[in-house]
Amino acid sequence: MTTHNFNLLFLIFTILACKFPTGKCDLPCRVRDVGIEGRSIVCVCDANYCDTITREAPPRQVFVAYTSSNAGQRFEKSVGVVQQETTTDDSDFGNTQDEVLLRVLTSSRKQFIEGFGGSVTDAAGINWRTLSDAAQKRFIDTYFGPEGLEYNLIRVPIGGADFSTHPYTYNELPWNDAALTNFSLSPEDFLYKLPMIKMAEAAATNRIKITASTWSPPIWMKTNERITGFGQVKPEFYQSYADYHLRFLEEYDKADVKVWRHHHNQRTTEWHHTGRWVANNLGPTIRNSRFNDTLILAVDDQRYTLSLWLKGMEREDPKSIEYIDGIAVHYYGNYLPGSVLTRIQNRYPDKILLSTEACEGAMPWDLNKVEVGSWRRAARYIKSILEDLNNHVVGWIDWNLCLDENGGPNWADNFVDAPIIVYGNGDEFIKQPMFYAMGHFSKFIPRGSRVVEVSRMSSAAIDNVAVVTPEGNIVVVLHNTKSYELKVRIRISSDRRVDLIVEPESVKTVEINRSL
């Protein structure tokens, strides 16, 4: 054995022995079998314990893989050596249904990644506050800390949302107060949202970029004078509504929380009103303020509405497109293929695409709003994230960071699922398969990574995405939806490859150090 090979084997052994480089092992999942046929396990956390995950930086010519599966693996680590060859000959591989041959084309580069995260709603904050102080900290650490998912994006509602205990906005009184003389944050901001954001920022390994969205302006601004229903902003209050967004930025800034970007929810205006309002009110108001570096995102809705809204805004006033920095898209009802996002990117090449809201259990046909231990829901998350990243999306934000066992609270009875379910009476929370699905991206694809092309060279396929990290490593996420294992060969150059087994119904993240 050569000295070089011996050193490689020694490094692999030390990683497996949890001695490199962190000096300690990850804490394993404290498993709870939910006792329902067809469901996977959940991991239980409380004030004294929560499973952890550390990223192991692979030495040169080594790869580290992390696997989660329906069978119960959770970030299970494995290590291997990048194979080097004098000639390239894959003729004996990729000829059967269980062999997948991929080539990572690092020279074919696409968008830079901003990150991944979740939403700090009133409902998330209320459930988080039912936990003891120690459990609250473990909750934050497991999402944002160095031994957690390392989230670096947060979305926060401007005022209330349906995931609040009651409908509300800022400056509800006095009526027709165009100057917003009574604008102030709500008790929910000070009790739930701001403390949660600040603790997350303290735990995070990277800057958390915050995005904010309005569900409704004060009802006196609206034509129907209601929180819900078909109502538009009255034209006489266009400037007041723009000022409403600016005042929110000012009040969060006073609380030492800087908003990176905000997006206007299309539910409060029709497309022609939006174009006029952004061009004449919101755009100039933000750009002429001290928050002029805050990004403005348009639409904030499903894929199938994007083109209609953007073209409508453009027809109404082309300046509206000049003011926006990007387009926000939701997870629900994605009946159109991901390629629609690429078409949008090609039409507006200087705008970013950001996925701003996702959850399971939201559809009328979802009989179980919360499906504890559902791998099926995790798999849908993985599929959506892969599709979005391969179609120019720069980041992916989940909906509520946590909910209760009913999927709430929600004043509109619009209960849904969440990656973490909190049981406040027992001072514990459970991490669902969706939590680990998110982590296979957020933990291993740092901000500044760049998506690259992957070419399939076999008849068999596996869903995937590949990025080159700021360190120069290649990270590949592989999603096996089959009921049988797949043998996957990833060729990273003409003379170097990685060979893997991808377990049935699993997601595997592979980080490859390609340095010679």
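The link between Cys45 and Cys50 is right-handed, with 60° about the S-S bond. This is a predicted model. The sulfur atoms of Cys45 and Cys50 lie 2.1 Å apart, and the two residues are joined as a disulfide. Cys45 has 0% relative accessibility, so Cys45 counts as buried. Cys50 has 4% relative accessibility and therefore also counts as buried.

**Disulfides and free cysteines**

The model holds 2 disulfides. Besides the Cys45 link there is a bond between Cys29 and Cys43, with 2.1 Å between the sulfur atoms. The torsion about the S-S bond of Cys29 and Cys43 is about -110°, so this disulfide is left-handed. The pair ties together distant parts of the chain, 14 residues apart. Cys29 sits in the loop between α1 (3-16) and β1 (31-32), and Cys43 sits in strand β2 (residues 42-46). Cys29 and Cys43 are both buried.

| Disulfide | S to S distance | Torsion about S-S | Hand |
|---|---|---|---|
| Cys29 and Cys43 | 2.1 Å | about -110° | left-handed |
| Cys45 and Cys50 | 2.1 Å | 60° | right-handed |

Why is Cys402 not bonded to Cys45? The sulfur of Cys402 is 12 Å from that of Cys45, its closest cysteine sulfur, and a disulfide needs the pair within 2.5 Å, so the gap is too far for a bond. Cys402 is at 0% relative accessibility and so counts as buried. Cys359 is in no disulfide. The nearest cysteine sulfur to Cys359 belongs to Cys402, 14 Å away. With 5% relative accessibility, Cys359 counts as buried.

**Helices α10 and α11**

A packed pair of helices is described by the angle between the axes and the distance between them. Helix α10 spans residues 375-389, and helix α11 spans residues 433-442. Their axes come within 8 Å and cross at roughly 25°. Angles under 35 degrees count as roughly parallel, so α10 is roughly parallel to α11. The crossing of α10 and α11 is right-handed.

Which residues of α10 and α11 meet? From α10 come Trp375, Arg377, Ala378, Tyr381, Ile382, Ile385, Leu386 and Leu389. From α11 come Pro433, Met434, Ala437, Met438 and Phe441. The residues of this contact divide into 12 nonpolar, no polar and 1 charged.

**Helices α3 and α4**

Helix α3 covers residues 133-144, and helix α4 covers residues 187-203. The two axes come within 9 Å and cross at roughly 60°. The helices α3 and α4 are therefore oblique to each other. Their crossing is right-handed. On the α3 side, the contact is made by Gln136, Lys137, Phe139, Ile140, Asp141 and Phe144. On the α4 side, Met196, Met199, Ala200 and Ala203 take part. The residues of the contact of α3 with α4 divide into 7 nonpolar, 1 polar and 2 charged.

**Helix α9 and its surroundings**

Helix α9 runs over residues 339-347. Which of its residues are buried? They are Val340, Leu341, Thr342, Ile344 and Gln345. An α-helix has 3.6 residues a turn, so residues three or four places apart point the same way. The buried residues of α9 pack against two helices, α7 (303-316) and α10. They also pack against the strands β12 (326-330), β13 (352-357) and β14 (393-400). Helix α10 thus appears in two places: against the buried residues of α9, and in the contact with α11.

Methods. Residues numbered from 1 in each chain as written. Predicted model: local features only at pLDDT ≥ 70, side-chain atom pairs only at ≥ 80, totals over all residues. Heavy atoms only, no water. Axes fitted to C-alpha atoms, helices over the stretch in contact; angles between N-to-C directions. Helix = DSSP H or I, 4+ residues; strand = E, 2+ residues; numbered from the N terminus. Parallel < 35°, antiparallel > 145°, perpendicular 65-115°, else oblique. Left-handed = near helix turned anticlockwise from the far one by under 90°. Contact = heavy atoms within 4.5 Å. Nonpolar A, V, L, I, M, F, W, Y, C, P; charged D, E, K, R; others polar. Buried < 20%, exposed > 50% of the residue type's maximum accessible area, 1.4 Å probe, protein only.
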